[in-house]
Amino acid sequence: MTLMSITNTPQAATLDDAPEISRTLARAFADDPMMGWFFPGGPAREADLVRYFTTIFTRQYGRHGVCERTASAAAFWVAPEGHEKTVPDADTVAELEQILGDRAPLFRAAVVAAAEQGPKEPHWYLAVVGADPAARGQGHGAALLRSGLAKADAAGLPVYLESSKPDNLPFYERFGFAVLGEARLPGDGPLLWVMRREPRAA
């Protein structure tokens with residue numbers, strides 16, 4: 001039997017982990033079409049991505065979500081009882097708009113559009129999962145995905161996510177997700193695929 005290395009065994013993420021998690025996710029999403037749309041380039045792009053993930057982790061998901069990490073990846077989940085709490089408050093919105101600069105209106109429009117398309121049934125939501133490109137293929141993302149899906153399955157609830165990277169769709173499909181539909185982000189942005197996974201018996 002092959003034992004999983006401790007380095008890709010999911011552990012609960014704390015707010016103290018924010019600097020490392022944010023750097024990891026900034027690298028993970030460097031080639032993501034949606035992040036590329038919101039942060040189109042320039043010398044400050046990586047620093048802006050780090051600030052973005054630091055903000056959403058420390059103000060939203062790290063406080064009201066279920067956040068886990070490995071040595072080279074992180075995932076932010078939202079259980080049904082956390083959905084309203086993870087909606088950004090005014091201070092968080094202001095901080096995000098400062099980071100986004102002139103892309104802030106596009107971001108606001110995308111958030112509104114996603115909220116309108118969001119499922120109404122009780123569900124778990126996978127907000128973010130990403131692995132450092134240097135560690136891809138080592139099972140970090142898969143370990144985090146299995147951990148969160150087990151929690152949703154234990155609750156007997158479906159899981160939703162959105163992906164703007166078509167290369168990731170087969171990865172999610174291997175875990176039981178199916179594409180529900182696609183939509184283009186406002187302002188002629190990239191396509192976003194909405195995916196759903198049915199709960200599985202333990």
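**Exercise 1. Work out whether Arg 196 is buried or exposed, and what its side chain meets.**

Step 1: Check the accessibility. Arg 196 has 15% relative accessibility, so Arg 196 counts as buried (buried means under 20% relative accessible area, exposed over 50%, partly exposed in between, with a 1.4 Å probe and protein chains only).

Step 2: Place the residue. Arg 196 sits in strand β7, residues 191-197 (helices are DSSP runs of H or I with at least four residues, strands are runs of E with at least two, and both are numbered from the N terminus).

Step 3: Look for a charged partner. The side chain of Arg 196 forms a salt bridge with that of Glu 198, at 2.3 Å from N to O (a salt bridge is a side-chain nitrogen of Lys or Arg within 4 Å of a carboxyl oxygen of Asp or Glu). Glu 198 is partly exposed, with a relative accessible area of 48%.

Step 4: List other contacts. Leaving aside neighbours within four places in sequence, Arg 196 is in contact with several residues, including Glu 121, Tyr 160 and Phe 177 (contact means heavy atoms within 4.5 Å).

Before you go on, keep in mind that this is a predicted model: local features need pLDDT of at least 70, side-chain atom pairs count only at pLDDT 80 or more, and totals for chains, interfaces and linings use all residues. Residues are numbered from 1 along each chain as its sequence is written, and side-chain values use heavy atoms, with hydrogens and water left out.

**Exercise 2. Find which parts the salt bridge between Lys 151 and Glu 68 ties together.**

Step 1: Check the distance. The closest N and O atoms of Lys 151 and Glu 68 are 3.0 Å apart.

Step 2: Place both ends. Lys 151 belongs to helix α6 (residues 140-155) and Glu 68 to strand β2 (residues 66-69), so the pair ties together parts that are 83 residues apart in sequence.

Step 3: Compare the burial. Glu 68 is buried, with a relative accessible area of 9%, while Lys 151 is partly exposed at 29%.

Step 4: Try another pair. Arg 51 and Asp 48 meet in a salt bridge too, at 4.0 Å from N to O. Both lie in helix α3, three residues apart, about one turn of the helix.

Step 5: Get the total. A search of the whole structure finds 11 salt bridges.

**Exercise 3. Identify which residues touch the most other members of the largest nonpolar core.**

Step 1: Pick them out. Among the 31 residues of this core, the answer is Phe 53 and Phe 76 (a nonpolar core is a set of buried Ala, Val, Leu, Ile, Met, Phe, Trp, Tyr and Cys residues joined through side-chain atoms within 4.5 Å).

Step 2: See who contributes. α1, α2, α3, β3, α4 and α5 each supply at least two residues, and the largest share, six residues, comes from α3.

Step 3: Zoom in on Phe 76. Not counting residues up to four places away in sequence, Phe 76 touches Ile 21, Leu 25, Ile 56 and Tyr 125, among others.

**Exercise 4. Decide where the buried residues of α4 lie around the axis.**

Step 1: Name them. Thr 92, Leu 96, Ile 99 and Leu 100 are buried in α4.

Step 2: Check the arc. These residues cover an arc of only 95° around the axis, which puts them on the same side of α4 (the arc is that of the directions from the helix axis to the C-beta atoms).

Step 3: Turn to the other side of α4. There, Ala 90, Asp 91 and Gln 98 are exposed.
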